[in-house]
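Here is a short set of exercises to work through with the model open beside you. Try each task on your own before reading its solution.

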Amino acid sequence: MQEADLHDLSDDPDYAASQQQALGRSLYRSDSAKSTEMDSGGGGGSETVYVKDNVAIHPTQYASERISGRLLLVKRDSSLFMTWIPYKLSVGGTDSTGRSSNAGILEKDRKLYTIKDVPLADVHSIRRHTPTLGWQYIIVVLSSGLAFPPLYFYNGGVREFLATLKQHVFIVRSADDANVFLANDFQDPLQKSLSSLELPRVVSVANGATLHGSVGALSSVENSERRNGDMQIATSSSEYSGRNKHKLHDPARDISIQVLEKFSLVTKFARETTSHLFRENHNNDSSIHERKQLDHKPSSASTDTQKISSAPVAPDPLEFDKLPLIWGKQRQQPLDVKEWVCFLDAEGRITDSKALRKRIFYGGVEHSIRKEVWKFLLGYHPYDSTYAEREYLASVKKSEYEIIKSQWQSISPAQARRFTKFRERKGLIEKDVVRTDRSISFYDGDDNPNVAVLHDILLTYSFYNFDLGYCQGMSDLLSPIFYVMEDESESFWCFVELMERLGPNFNRDQSGMHSQLFALLKLVELLDTPLHNYFSKTECLNYFFCFRWLLIQFKREFEYEEVMRLWEVLWTHYLSEHLHLYICVAILKRYRQKIMGEEMDFDTLLKFINELSGRIRLGDILRDAEALCVCAGENGDACIPPGTPPSLPLETASLYPQQDQDDI
């Protein structure tokens, strides 16, 4: 490796800065060890070697709902344990430190996130994040592949945390990512091989200082072997020594020669480790399934330029496609009739709209009740309306729809010849509706009356919202709504509500689309900097290859049933009104290896994205988007400009635009 010496904690400025405090901490530990309490069994003592207050977990993206607590590292005998305990809430809604906390988070939910006595021997890696804006946080990944929620250090302390870990367990910086620290208890092949060498001080150096010299030397020799075909131990050793002359009193350097002398014993293990570390969870079932699909269907990169995925790819800073999140909730079965009626009171009001939206977010809705539920999600019916009020509203809105529809129906041929805008819009609608979802039996066949209804609704909407009119793509948004409602008037008003939020997508100046594309750029930069840098290098930062995703809400990327499931999840507004942007990020991250590995340029990337249609696994993407949204938190909110079109109408939105006083 050219930069093997950069991949160890002794080169870490965080670690170096903490060394000035190391002596004080060791004195503290020696004093506290004398007074530490013995375990109830009397078998051994426990010693707290690290304590940090105001370390928080964010169950949602809102800072006001964070759960603050105390992070501890406790040593028992020769083992180290990590614990995070949330503060207890007082009656006034403040935690035990006196800080304001969100009382809406139930105590049982607070206990759900408690991390208690996790052995560091079970930890696979710790990833450190230092956002440009906001607080540092870490993600602890277990050997099983599970990950704990991000731990935000509101008062700092990540440096001391890592330095304390290093003094008690073997920890080494990953050669693939400088922000990832690998922790293990002699469980991986390289560690087993080093321990089998019976080198004096290997264990003590690993626990007390560093083992980066040996790892750096092994990596250097292995790279040299790959370049020259034969292992040149002396050459690599001298190169390693030359690079590290500036390191005085390096404890790992003392054992590097011993390691090199017995390198033949561990070369195989080193190879296994370098190919195995951080990749053991890479080939999960969904990733394998998707890669096989992509391999069977030639991409533009393979057909046009005959490239193979050989370019080195920077590691994903958030490997949510590989790590099932501990705090993530599994997808549920769709909401059925029996469960739906439990959300209604005797008069038909929704008793808990937030709980309903959360339930739909995680499971969707059975098709048999979509017609009723979608009217609430889209804002056509208020959540607090009764059966009687909804019946009255339906009759009023039906009459209003017929009045608007009659405006264009009454236009005579002579008027139409003098009404250019009307002719243009009518002609565009007629061309589009006959090409919309004709593979669905509901719209299939010649002279299908449902296609004629689509035409009438869209032309009526162009008169209802004459400024916006009709644009290509609107028929894609209306089609599933009419498929579910099977009523012309109700479909129209539900479409009106949807367009209240998605209308800016069709502005002539494309301001709504540009704001979403800009927000997407910032989110990718926040959540996957290497991918952002790659797009910058290939001049793809306009993100126009995601244009279709955003314009019609992934309508052409999934099967028809999955589109309806996705839309009702977006319309819940449960995590974010901009969840669709996190879905974009999740898809890009899911295929980042192929995009970067094949060095796709803009044209190749655009073709590749279009070819993904029908081959994206919705469940996996929703899980990833949820994790990304929670992880981004307020930093993600800051990436999205005010006024950016969200995924659904606000719950309190009115069906009628408010009139100005001058119009009354």
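**Exercise 1. Classify the packing of helices H22 and H23 from their crossing angle.**

Solution. Keep in mind that this is a predicted model.
- Step 1: find the two elements. Helix H22 covers residues 511-527 and helix H23 covers residues 529-537.
- Step 2: read off the geometry. The two axes come within 5 Å and cross at roughly 130 degrees.
- Step 3: compare with the cut-offs. Over 145 degrees would count as roughly antiparallel, and 65 to 115 as roughly perpendicular. Neither range holds roughly 130 degrees, so H22 and H23 are oblique to each other.
- Step 4: list who makes the contact. H22 contributes Leu521, Val524, Glu525 and Leu527, while H23 contributes Thr529, Leu531 and His532.

**Exercise 2. Describe the setting of lysine 522: is it buried, partly exposed or exposed, and which side chain does its own side chain contact?**

Solution.
- Step 1: place the residue. Lysine 522 belongs to helix H22.
- Step 2: judge its exposure. Its relative accessible area is 28%, and because that value lies between the 20% and 50% cut-offs, lysine 522 is partly exposed.
- Step 3: look for a polar partner. The side chain of lysine 522 makes a polar contact with that of glutamate 525, at 3.1 Å. Glu525 also appears among the H22 residues that touch H23.
- Step 4: search further along the chain. Cysteine 639 is 117 residues away in sequence, yet the C-alpha atoms of lysine 522 and cysteine 639 are separated by 5.4 Å.

**Exercise 3. Trace the polar contacts of glutamine 516 through the side chains around it.**

Solution.
- Step 1: place the residue. Glutamine 516 is in helix H22, and with a relative accessible area of 0% it is buried.
- Step 2: follow one polar contact. The side chain of glutamine 516 pairs with the side chain of asparagine 505 at 2.6 Å.
- Step 3: follow another. The side chain of histidine 580 makes a polar contact with the side chain of glutamine 516, at 2.9 Å.
- Step 4: widen the view. Leaving aside residues up to four places away in sequence, glutamine 516 touches Asn505, Leu550, His580, Leu581, Thr644 and Pro645.

**Exercise 4. Check the length of helix H26 and decide how enclosed it is.**

Solution.
- Step 1: start from a residue already met. Histidine 580 is found in helix H26, residues 579-590, and counts as buried because its relative accessibility is 0%.
- Step 2: work out the expected span. At 1.5 Å a residue, the 12 residues of H26 should span 16 Å.
- Step 3: compare with the model. The end C-alpha atoms of H26 are 16 Å apart, which agrees.
- Step 4: look at burial. In H26, 12 of the 12 residues are buried, so this helix is largely enclosed by the rest of the structure. The buried residues include Tyr582, Cys584, Lys589 and Arg590.

**Exercise 5. How many disulfides does the model contain, and are cysteine 342 and cysteine 540 buried or exposed?**

Solution.
- Step 1: apply the distance rule. A pair of cysteine sulfur atoms must lie within 2.5 Å, and by this rule the count is zero disulfides.
- Step 2: sort the two cysteines. Cysteine 342 has a relative accessible area of 60% and is exposed, whereas cysteine 540 has 0% and is buried.

**Exercise 6. Locate asparagine 54 and glutamine 553, and say what is notable about phi in each.**

Solution.
- Step 1: recall the background. Most residues other than glycine have a negative phi.
- Step 2: take asparagine 54. Its phi is positive, about 60 degrees, although it is not a glycine. Asparagine 54 is found in strand S1, residues 46-57, and is buried at 4% relative accessible area.
- Step 3: take glutamine 553. Here phi is near 55 degrees, again a positive value in a residue other than glycine. Glutamine 553 lies in the loop between helix H24 (547-551) and helix H25 (560-571), and counts as buried at 2% relative accessibility.

**Exercise 7. Step back and summarise the whole protein.**

Solution.
- Step 1: count the elements. The protein has 29 helices and nine strands.
- Step 2: gauge burial. Of its 664 residues, 53% count as buried.
- Step 3: consider contact range. Among contacts between residues at least 6 apart in sequence, 72% join residues at least 24 apart.

Conventions. Residues are numbered from 1 along each chain as its sequence is written. This is a predicted model: local features need pLDDT of at least 70, side-chain atom pairs count only at pLDDT 80 or more; totals for chains, interfaces and linings use all residues. Side-chain values use heavy atoms; hydrogens and water are left out. Helices (H or I, at least four residues) and strands (E, at least two) are DSSP runs, numbered from the N terminus. Buried means under 20% relative accessible area, exposed over 50%, partly exposed in between (1.4 Å probe, protein chains only). A polar contact is a pair of N or O atoms within 3.5 Å; within protein, one must be able to donate a hydrogen and the other to accept it, and residues adjacent in sequence count only if both atoms are side-chain atoms. The expected span of a helix is 1.5 Å times one less than its number of residues. Axes are lines fitted to C-alpha atoms, for helices over the stretch in contact, and angles run from 0 to 180 degrees between N-to-C directions. Angles under 35 degrees count as roughly parallel, over 145 as roughly antiparallel, 65 to 115 as roughly perpendicular and the rest as oblique. Contact means heavy atoms within 4.5 Å.
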